[in-house]
Amino acid sequence: MDKITNDYLEKIEKYLKSMSDSERMDIVKEIKSVMLELQNSGLSSEQIIERLGNPKELAKAYLGEAISKNSKFSWRKFGAIFAFCSSFAGISGMFLLPLLSTLSIALMISGVITPIGGIIKFVGHLMGYDIAGITIEMGAYTPSPMLFLPISIVIGVLMFWLGKVLWKLTIKYIQAISQKKKTLYS
């Protein structure tokens, strides 16, 4: 490999820094393998780089594909989304993606905490204590201690579900703004 192709691979690696080392190295190895194959078929370094295209766009395609492989939440994927925003998503993505992903996580966490608060409030009521710090108010309505637990469970399930929906929307948005991985062998 010459300086031109090595520089190209270094740029790809830089743009993929938010990925795990093993994922990043696999992608660089794949691209390097394609480069060697194209070089063996008689293409010059310049022709290979032209064929692969802009390294930032190619890295964007790989990163977008890696993020959107499945819609399951992970903290590593959450970090990759922020890297994707800052590097590739543009102005709208810099605001929309962090907002969607952060809101989805907040709702999922709140969806778990709310029923726990309901259980604590209910057990406190059974033991004769009123835990004033845990409350649900819907306008002027405050549920009785006996209704507090079922209402907190319903609210918790709804918040968790809404968080999951927003997470899936985040992944779909990333899929929409990142072009599909280029076929390197075309």
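What follows is a short chat about how to read this predicted model.

Colleague: Before we start, what should I know about the numbering and the model?

Modeller: Residues are counted from 1 along each chain as its sequence is written. The model is predicted, so local features need pLDDT of at least 70, side-chain atom pairs count only at pLDDT 80 or more, and totals for chains, interfaces and linings use all residues, while side-chain values use heavy atoms, with hydrogens and water left out.

Colleague: How many helices and strands does the protein have?

Modeller: Helices (H or I, at least four residues) and strands (E, at least two) are DSSP runs, numbered from the N terminus. Here you get seven helices and zero strands, and the order from the N terminus is α-α-α-α-α-α-α.

Colleague: Okay, and which residues are buried or exposed?

Modeller: Buried means under 20% relative accessible area, exposed means over 50%, and partly exposed is in between (1.4 Å probe, protein chains only). In this protein of 186 residues, 38% are buried. Take Lys 3 in helix α1, residues 3-15. Lys 3 has a relative accessible area of 62%, so this residue is exposed. Its C-alpha atom is 9.1 Å from that of Ser 45, although the two residues are 42 apart along the chain.

Colleague: Why does Ser 104 count as buried?

Modeller: Because its relative accessible area is 0%. Ser 104 sits in helix α6, residues 90-126. Contact means heavy atoms within 4.5 Å. Skipping neighbours within four places in sequence, Ser 104 touches Gly 163, Leu 166 and Trp 167.

Colleague: What about Ser 152, and what does its side chain reach?

Modeller: Ser 152 belongs to helix α7, residues 145-177, and is buried because its relative accessibility is 1%. For polar contacts, look for a pair of N or O atoms within 3.5 Å; within protein, one must be able to donate a hydrogen and the other to accept it, and residues adjacent in sequence count only if both atoms are side-chain atoms. The Ser 152 side chain reaches the backbone oxygen of Leu 149 at 2.8 Å. Beyond neighbours within four places in sequence, Ser 152 is in contact with Thr 114, Pro 115, Gly 118 and Ile 136.

Colleague: Now, how do I read two helices packing together?

Modeller: Fit axes as lines to C-alpha atoms, for helices over the stretch in contact; angles run from 0 to 180 degrees between N-to-C directions. Under 35 degrees is roughly parallel, over 145 roughly antiparallel, 65 to 115 roughly perpendicular, and the rest oblique. A crossing is left-handed if the near helix is turned anticlockwise from the far one by less than a right angle, and right-handed if clockwise.

Colleague: So where do α1 and α3 fit in?

Modeller: Their axes are 9 Å apart, at an angle of about 25°. That makes α1 roughly parallel to α3, and the crossing is left-handed. Ile 4, Thr 5 and Tyr 8 of α1 meet Ser 45, Glu 46, Ile 49 and Leu 52 of α3. Those residues split into four nonpolar, two polar and one charged (Ala, Val, Leu, Ile, Met, Phe, Trp, Tyr, Cys and Pro count as nonpolar, Asp, Glu, Lys and Arg as charged, and the others, Gly among them, as polar).

Colleague: And at what angle do α2 and α3 pack?

Modeller: Helix α2 (residues 21-40) and helix α3 (residues 45-52) pack at about 130°, with axes 10 Å apart. They are therefore oblique to each other, and α2 passes α3 in a right-handed crossing. Ile 31, Val 34, Met 35, Leu 38 and Gln 39 in α2 meet Ile 48, Ile 49, Arg 51 and Leu 52 in α3. That contact has seven nonpolar residues, one polar and one charged.
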